[in-house]
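Colleague: I'd like a close look at one part of this model, please. Pick the spot you'd zoom in on, and walk me outwards from there.

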Amino acid sequence: MNKMIKIPVTAACAGVGLFAASLIIYFFNLDMKLMAIAEPIVAKRYDRIERRPMEPPRCG
């Protein structure tokens, strides 16, 4: 196959593959399942961060 045909065919195959992957992720709700696993790890890290106390808003 020459290069003028190979590049669009490769791009089309990549697009179809990405679409199929996103459809599978959506269908099985895999993004929320991953976040359910990652949330305790992220929360533990976030809870250790020192924060300044919030100042009341200034009106006027």
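Modeller: Let's start at N29, which sits in the loop between helix 1 and helix 2. (Helices are DSSP runs of H or I, at least four residues, numbered from the N terminus.) Bear in mind that this is a predicted model, where local features need pLDDT of at least 70 and side-chain atom pairs pLDDT 80 or more, while totals for chains, interfaces and linings use all residues. Numbering runs from 1 along each chain as its sequence is written, and side-chain values use heavy atoms, with hydrogens and water left out.

What catches the eye at N29 is its phi, near 55°, a positive value in a residue other than glycine. Most residues other than glycine have a negative phi. N29 has a relative accessible area of 39%, so it is partly exposed, meaning between the buried limit (under 20%) and the exposed one (over 50%), with a 1.4 Å probe and protein chains only.

Around this loop there's a nonpolar surface patch made of I24, I25, F27, F28 and L30, with about 510 Å² of accessible area together. Patch members have over 30% relative accessible area and no salt bridge, and nonpolar side chains are joined within 5 Å; a salt bridge would be a Lys or Arg side-chain nitrogen within 4 Å of an Asp or Glu carboxyl oxygen. The areas are Shrake-Rupley values with a 1.4 Å probe. Helix 1 gives the most to the patch, three residues. I24 is in helix 1 and counts as partly exposed because its relative accessibility is 47%.

Going back along helix 1, you meet S22, partly exposed at 39%. Its side chain reaches the backbone oxygen of F19 at 2.8 Å, a polar contact (N or O atoms within 3.5 Å, one able to donate a hydrogen and the other to accept it; sequence neighbours count only if both atoms are side-chain atoms). At the start of helix 1, a side-chain oxygen of N2 comes within 3.1 Å of the backbone nitrogen of M4. The 25 residues of helix 1, 3–27, should span 36 Å at 1.5 Å a residue, and the end C-alpha atoms agree at 36 Å apart; the expected span is 1.5 Å times one less than the residue count.

On the other side of N29, helix 2 covers residues 30–47, and its 18 residues should span 26 Å, in agreement with the 26 Å between its end C-alpha atoms. Helix 2 also has a kink of about 40° at A38, shortly before P40, where the bend is the angle between axes fitted to the seven residues ending there and the seven starting there.

How values were computed. Helix = DSSP H or I, 4+ residues; strand = E, 2+ residues; numbered from the N terminus. Patch = residues over 30% accessible without salt bridge, like charges linked within 9 Å, V, L, I, M, F, W, Y side chains within 5 Å.
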